[in-house]
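Student: I have a structure open and would like to work through how it is put together. Can we go through it step by step?

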Amino acid sequence: MRRLNPVLAGALAAAGVALPGIAIAQTAAPSAQGDISVTIYNNNLALVQDKRELHLPAGKSKQDFPDVSAQIRPETVTLAAPGATIVEQNFDFDLLTPEALMEKAVGQNVTVVRGTQNLPAKVLAYNNGAVVEIGGRIEVLGKDDRVVFPALPPSLRARPTLSVTLDADATGPRPATLSYLTYGMGWKSDYVALFDEKAGKIDVQGWLTLTNNSGTTYSNANTLLVAGGGGIRGSAGSLMVPGTETAGRERVGDFYVYPIPGRVTIAQRQQKQVSFLDVAGAPAAKAYAYRNPWLGRQDQPRSVDTVLRFSSSKDGGLGDALPAGTVRIYMRDARGAPQFIGENAIGHTPMGSRIAIKTGEAFDVKIKAVVQTRERVNSSKWRTTMVYTLTNARPEAATVELTQGGLDSWWKDTRILNETQASERINADEALWLVSVPANGEATVTATFETRY
Amino acid sequence: MLAAIAGAGAVRAQSVQTSAAPDAVAVTVYRAPDREADRKIDLGWLGGYALVTETRTVAIPAGRAVIRFEGVASGILPESAIVTGLPAGVREKNLDGELLSAASLYSRGYARPVTLRRTRDGKTVEERAIIRSGPEGSAIVETGRGIEILNCGPTEDAIAYDGVPAGLSARPTLSVETESPQGGTATVTLSYLAWGFDWQANYVATLHEGGAAADLFAWVTLASTDMTSFADAQTMVVAGKVNRTTMRTSNPYESPDSFEFRCYLKDNIGGAADAAGIPPPAPAPPAPPVAMYRTAQEVVVTGARVRKVEQEDLGDLKAYRVPEPTTVAAKSQKQVALLGKDAVPVSIVYESKVFSHQVAELQILVRAVNRADKGLGLPLPAGPVALFERQGQHALLIGESATDDKAVGEEVEVKFPIAANVTVEARDIASKGRERTRELVVSNANPFAIRYEADFNLNGEVKAPTRLGSKNGRKLWAAVVPANGTATLRYREIAPR
């Protein structure tokens with residue numbers, strides 16, 4: 001141990017008295033938050049309500065609100081405290097850093113520890129180097145000088161802090177409700193679907209996934225998730241026929257809300273999942289689909305899409321409204337272990353909807369579309385013959401929903417003059433053939449289109 | 001120590017059980033969704049993923065409890081985690097993104113006392129202090145003297161903390177909260193998707209002399225850049241196109257917050273060398289270079305005696321299982337044999353695409369039929385193909401190309417864009433109205449005859465004195481060019497009205 005000079009030793013002794021008082025605080029580790037409620041929306045937004053007890057002196061006083069979100073939107077802060085009026089509110093985000101500390105010390109007295117000496121000093125300037133006055137001499141601080149600051153400047157914060165100046169009518173404790181919007185929190189849903197192809201059934205578990213990157217932990221929060229409004233859209237390849245059933249869920253206006261039972265702690269940088277749906281044995285079916293664009297052709301056969309169909313209906317479905325999220329589909333392998341076979345996004349889906357999602361492409365079921373002939377009949381008419389060859393390397397027959405798109409090219413009319421198999425014109429733009437391809441075999445569809453030009 | 005852990009930040013009195021490692025693990029690796037067949041695995045940033053299934057034995061206390069699964073993959077996609085086998089189910093699942101690091105320790109230590117170790121000239125003095133800043137603001141503490149900045153004076157400063165705050169894990173950890181009526185031991189299955197893996201098939205084809213057959217050998221190459229190793233894992237790879245909609249995001253474990261001691265002194269100010277400062281941690285480095293170690297297996301070109309993967313169907317995808325448990329090590333790559341077939345009948349065709357005003361560069365097409373009676377008959381996953389030609393004792397690299405996924409029964413056609421000894425020239429002979437007469441001359445400098453195909457990619461009609469074939473809706477001229485000889489086609493192209 002280095003020999004301490006009497007002044008420093010005295011200071012340490014004083015610290016010995018002061019520090020244990022804080023050491024007690026460690027075991028309690030209190031958050032300044034009170035009774036907290038968090039309402040999380042899909043689009044990176046949350047409403048936080050924090051009921052704290054304030055001890056206000058009569059008249060004006062400045063109150064700090066530590067442990068609010070670091071991504072608080074200060075313009076949305078409201079504080080309700082009976083018997084007190086808000087004079088002003090400040091959001092201090094001037095962070096405590098060595099540079100800021102030295103800047104704020106300009107004109108202030110500090111102590112410079114040099115060797116064993118404690119020298120009273122005054123900071124004169126901090127412009128690319130700290131200029132101090134020590135005992136009437138002007139010096140620039142170097143690496144061997146330690147500066148001890150008497151206190152932290154009140155405006156510098158270890159983390160962004162909200163402070164409100166209140167004017168209270170009387171001294172005493174009172175409940176106060178602080179509420180604000182914050183960025184950095186969001187939620188979505190994640191579905192785990194185990195598909196049993198032979199039985200034609202899926203088991204689906206739904207999870208609400210919430211993430212907190214707001215910079216703050218919310219302890220024992222009453223948590224509510226709101227679905228709808230600015231939600232995620234379903235991605236290409238997931239198709240939904242909207243339903244008209246009302247789910248037995250809590251609602252706020254047009255939105256479904258998902259309260260999380262009990263109180264949960266949402267830690268900073270945590271991703272938390274809470275179960276909300278568990279359905280076993282809902283009917284589901286696999287299908288193959290391929291959409292050929294107008295004049296689309298392949299030299300190498302390409303795989304058709306594998307599509308999984310199910311319903312969110314009460315009868316024969318999942319029986320719930322499905323908040324937007326990702327559906328991950330699993331199947332059992334030869335040894336019975338579930339394996340991942342693909343995922344897709346769904347949008348907010350009302351109960352009673354029919355859902356078709358692309359999970360991937362079929363290795364064994366392929367299509368090759370060829371433009372067989374394309375000839376001009378007269379100045380305004382073209383005749384195009386397409387040949388679609390579908391192959392199936394699976395040991396069972398497959399039915400492919402083959403769609404030819406692009407038939408509604410601008411305002412002109414396209415007719416199918418002849419085809420080897422009857423098509424259904426599902427809309428102005430698309431013709432659909434249900435092609436059955438035998439096991440380990442192939443099937444061909446030929447169609448001649450007449451387009452006007 | 002224990003009191004400090006329990007005290008620092010534990011919110012509820014709740015028993016915590018930790019499972020340090022799995023008893024058994026299975027790893028199924030999927031290709032990067034957008035990587036083309038001919039693109040190599042990018043070892044710097046693996047775009048594929050894996051499904052990790054772990055079996056763990058955990059003691060489950062009665063009542064509410066938190067079960068921590070340590071040592072999961074660092075690339076874990078926590079929302080994909082499935083936990084089965086818990087008697088009371090799962091109340092909630094959590095991935096705590098705060099890994100034990102210099103920054104998280106400091107951040108959690110805010111307003112709490114720590115011990116400073118201050119060293120000068122080899123002598124260390126310890127004293128207590130209270131942390132007063134956040135990690136973004138460097139280290140500012142309150143000592144018995146006042147407010148001080150660490151590493152901003154004559155001493156070299158370090159912080160010693162009293163304990164590890166609750167919730168900070170050294171290793172990637174997933175936790176679940178359970179509520180069980182009674183305690184007991186359970187065997188739990190934990191499965192999740194994790195980014196940072198990839199695999200591909202690599203084919204090596206060696207042509208026999210004469211070119212009528214080839215020996216085909218293929219590797220499954222799989223790679224991991226994860227922080228976690230999976231020892232003795234049941235390993236599979238999955239081929240086929242799997243739909244993904246969630247893109248790879250940086251996991252909190254892969255980008256820990258940085259934290260450094262900073263002084264108000266600028267460098268080069270004050271004269272003293274800034275030697276005492278602890279060098280700042282390097283900014284989050286890109287994924288470290290992967291040790292390119294291969295398994296101890298020797299590279300065998302005709303691999304008839306190498307243990308091969310076993311193929312099975314997985315819905316509309318194809319799975320290839322490594323027959324014995326193997327270790328999918330952190331930051332490594334390994335190879336297992338996919339197939340080895342000797343003397344697969346192939347045909348070799350020289351092909352060029354013919355356009356209105358030019359002929360595309362010649363390609364060598366190596367064709368085979370993926371059927372058991374034609375020497376193959378296995379679902380072939382997409383991947384690069386290297387073509388060699390055996391010449392006496394030596395094998396000569398002809399070219400590198402790639403194949404897409406090929407189902408059983410399909411024709412496999414691999415194109416190699418080089419042919420030095422065969423050339424094609426096209427020239428105009430006459431032109432009248434919408435009609436042009438052109439001549440195509442194929443010259444073969446090889447001492448053997450070759451098969452040649454011209455694939456006419458024309459808008460108009462093609463007329464020729466010889467009968468033209470048809471392929472993919474286009475006209476095709478197939479010819480045999482004799483050894484050291486030429487073949488010529490004179491054709492008329494009639495432009496559309």
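Tutor: Two residues are in contact here if their C-beta atoms, placed from the backbone, lie within 7 Å. Keep in mind that this is a predicted model.

Student: What share of the contacts in chain B with a separation of 6 or more comes from residues 24 or more positions apart?
Tutor: Chain B contains two helices and 31 strands. Of its 497 residues, 42% are buried. For contacts in chain B with a separation of 6 or more, the share from residues 24 or more positions apart is 74%.

Student: How many residues does each chain bring to the contact between chain A and chain B?
Tutor: The two sides are counted separately, one for each chain. Chain B gives 86 residues, and chain A gives 93.

Student: On the side of chain B that touches chain A, how many residues are nonpolar, polar and charged?
Tutor: Several strands of chain B each supply at least two residues to this side, including β3 (48–60), β6 (92–96) and β13 (184–207). Sorted by class, the residues on this side are 25 charged, 27 polar and 34 nonpolar.

Student: Which residue is the bridge partner of Q270(A) in β6(B)?
Tutor: Strand β6(B) is one of those that supply at least two residues of the side touching chain A. With strand β20 of chain A, residues 270–283, β6(B) pairs in the antiparallel sense over five bridges. Within β6(B), the partner of Q270(A) is D96(B).

Student: Where does the largest share of the largest nonpolar core come from?
Tutor: In soluble globular proteins, nonpolar side chains tend to be buried together. The largest core here has 178 residues, and V400(A), A194(B) and V220(B) have the most contacts inside it. With 13 residues, the largest share of this core is from β13(B).

Student: Which residues is A194(B) in contact with, leaving aside its neighbours within four places in sequence?
Tutor: A194(B) is among the residues with the most contacts inside the largest core. Once its neighbours within four places in sequence are set aside, the contacts of A194(B) are Y49(B), A50(B), V52(B), A73(B), G75(B), I76(B), L77(B) and D226(B).

Student: How many residues are in the other core that lies apart from the largest one?
Tutor: Its members include A158(A), L116(B), I149(B) and L265(B). The size of this other core is 34 residues.

Student: How many Å separate the centres of domain 1 and domain 2 of chain A, taken over C-alpha atoms?
Tutor: The domain assignment places domain 1 of chain A at 33–92 + 162–182, and domain 2 at 98–148. Taken over C-alpha atoms, their centres are separated by 38 Å.

Student: And in chain B, how many Å separate the centres of domain 1 and domain 2, taken over C-alpha atoms?
Tutor: In chain B the assignment gives 116–160 as domain 1 and 422–494 as domain 2. The separation of their centres over C-alpha atoms is 84 Å.

Student: Which are the edge strands of the five-strand open sheet in chain A?
Tutor: This sheet is antiparallel and has the order β9-β8-β7-β6-β10. An edge strand pairs on one side only, and in chain A the two are β9 (137–140) and β10 (146–148).

Student: In β8(A), which residue is the bridge partner of Y126(A)?
Tutor: Strands β7 (residues 117–126) and β8 (residues 130–134) of chain A pair in the antiparallel sense over five bridges. In β8(A), Y126(A) is partnered by A130(A).

Student: Why is one side of β24 and of β29 of chain B left without a neighbour in the sheet?
Tutor: The open sheet in chain B has six strands with mixed pairing, in the order β24-β21-β20-β27-β30-β29. β24 (411–416) and β29 (469–471) of chain B stand at the edges, so one side of each lacks a neighbour because each has a single partner strand.

Student: Which residue of β27(B) stands opposite S352(B)?
Tutor: Strand β20 (residues 347–354) and strand β27 (residues 450–456) of chain B run parallel and are joined by six bridges. Opposite S352(B) in β27(B) stands A454(B).

Student: In the hairpin of β22(B) and β23(B), which residue in the turn has a positive phi?
Tutor: β22 (residues 383–391) and β23 (residues 394–403) of chain B run antiparallel, joined by nine bridges. P384(B) has A402(B) as its bridge partner in β23(B). Two residues lie between the strands, and the one in the turn with a positive phi, of about 65°, is G392(B).

How values were computed: Residues numbered from 1 in each chain as written. Chains lettered and ligands numbered in written order. Predicted model: local features only at pLDDT ≥ 70, side-chain atom pairs only at ≥ 80, totals over all residues. Helix = DSSP H or I, 4+ residues; strand = E, 2+ residues; numbered from the N terminus. Nonpolar A, V, L, I, M, F, W, Y, C, P; charged D, E, K, R; others polar. Pairing = 2+ DSSP bridges. Domains from an automatic or database assignment. Buried ≥ 20, exposed ≤ 12 C-beta atoms within 10 Å, placed from the backbone. Core = buried A, V, L, I, M, F, W, Y, C linked by C-beta atoms within 7 Å.
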